[in-house]
Amino acid sequence: MDRRGSSSSGLTSLGFGVLAFNSVLAIYTYWGDASSVGFVLLADAARSCSSSSASLEQQGGGGRGRDVRIKAAVWALTTLLTVMFASRVAPLMPPLVGALVWGMAVATVAGGLWAFFLNP
């Protein structure tokens with residue numbers, strides 16, 4: 001939150017605007033390729049839900065059960081984005097580098113699990 005109490009700063013709004021423009025451009029470019037368009041739409045939906053859940057978490061209140069559900073939702077959505085990215089990038093790389101991409105994805109997902117739920 002910025003100092004005026006608004007839930008979104010100008011820089012954050014600019015970032016989301018750039019992402020939206022990039023998504024529209026990607027959909028326009030790959031319109032004939034259903035898997036690429038679906039990838040862009042699913043990634044945007046997951047990012048949007050993840051950022052909405054994160055802003056709910058920052059508002060606080062609602063008890064521990066609500067906090068755990070929000071953390072679980074954010075972790076699941078970021079895991080989805082990580083796996084989606086790795087599944088698109090790894091096949092384009094040489095096999096060893098592709099394995100490294102998947103290893104980094106697994107490490108990122110495990111690190112998120114540790115940070116959200118296992119970190120005391």
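In which helix does Ser 23 lie? Select residues 10-29: this is helix α1, and Ser 23 is part of it. Keep in mind throughout that the model is predicted.

**Whole chain**

Before zooming in, colour the protein by secondary structure. Four helices appear and zero strands, and along the sequence the order reads α-α-α-α. Next, colour by accessibility: of the 120 residues in the protein, 20% are buried. Switch on the molecular surface as well. The exposed area comes to about 8300 Å², with 70% of it supplied by carbon and sulfur atoms. If you draw a contact map, look at pairs with a separation of 6 or more; residues 24 or more positions apart account for 51% of those contacts.

**Stop 1: Ser 23**

Return to helix α1 and show the side chain of Ser 23. Is this residue buried or exposed? Ser 23 has a relative accessible area of 9%, and it counts as buried because that value is under 20%. Now add Val 40 and Asp 44 to the selection: Ser 23 is in contact with both, leaving aside its neighbours within four places in sequence. With Asp 44 there is also a polar contact between the side chains, at 2.6 Å.

**Stop 2: the nonpolar core**

Select Ala 86, Val 89, Ala 90, Val 101 and Ala 105. These five residues form the largest nonpolar core. Two elements give two or more residues each to this core, namely α3 (63-89) and α4 (95-118). Centre the view on Ala 90, a member of the core, and show what surrounds it. Which residues does Ala 90 touch, not counting those up to four places away in sequence? They are Gly 98, Val 101 and Trp 102. Of these, Val 101 is itself listed in the core.

**Stop 3: the nonpolar patch**

Turn the surface back on and select Val 68, Leu 113, Trp 114, Phe 117 and Leu 118. Together they make a nonpolar surface patch of about 440 Å². Which element gives the most to this patch? Helix α4 does, with four residues.

End on Leu 118, which is found in helix α4 and belongs to the patch. Its relative accessibility is 55%, so Leu 118 is classed as exposed, the cut-off being over 50%. For a contrast, put Ser 23 back on screen: Ser 23 is buried, whereas Leu 118 is exposed.

Definitions and conventions: Residues are numbered from 1 along each chain as its sequence is written. This is a predicted model: local features need pLDDT of at least 70, side-chain atom pairs count only at pLDDT 80 or more; totals for chains, interfaces and linings use all residues. Side-chain values use heavy atoms; hydrogens and water are left out. Buried means under 20% relative accessible area, exposed over 50%, partly exposed in between (1.4 Å probe, protein chains only). A polar contact is a pair of N or O atoms within 3.5 Å; within protein, one must be able to donate a hydrogen and the other to accept it, and residues adjacent in sequence count only if both atoms are side-chain atoms. Contact means heavy atoms within 4.5 Å. Accessible areas come from the Shrake-Rupley method with a 1.4 Å probe; for residues, only the protein chains shown count as cover. A nonpolar core is a set of buried Ala, Val, Leu, Ile, Met, Phe, Trp, Tyr and Cys residues joined through side-chain atoms within 4.5 Å. Patches are made of residues with over 30% relative accessible area and no salt bridge: like charges are joined within 9 Å, nonpolar side chains (Val, Leu, Ile, Met, Phe, Trp, Tyr) within 5 Å. A salt bridge is a side-chain nitrogen of Lys or Arg within 4 Å of a carboxyl oxygen of Asp or Glu.
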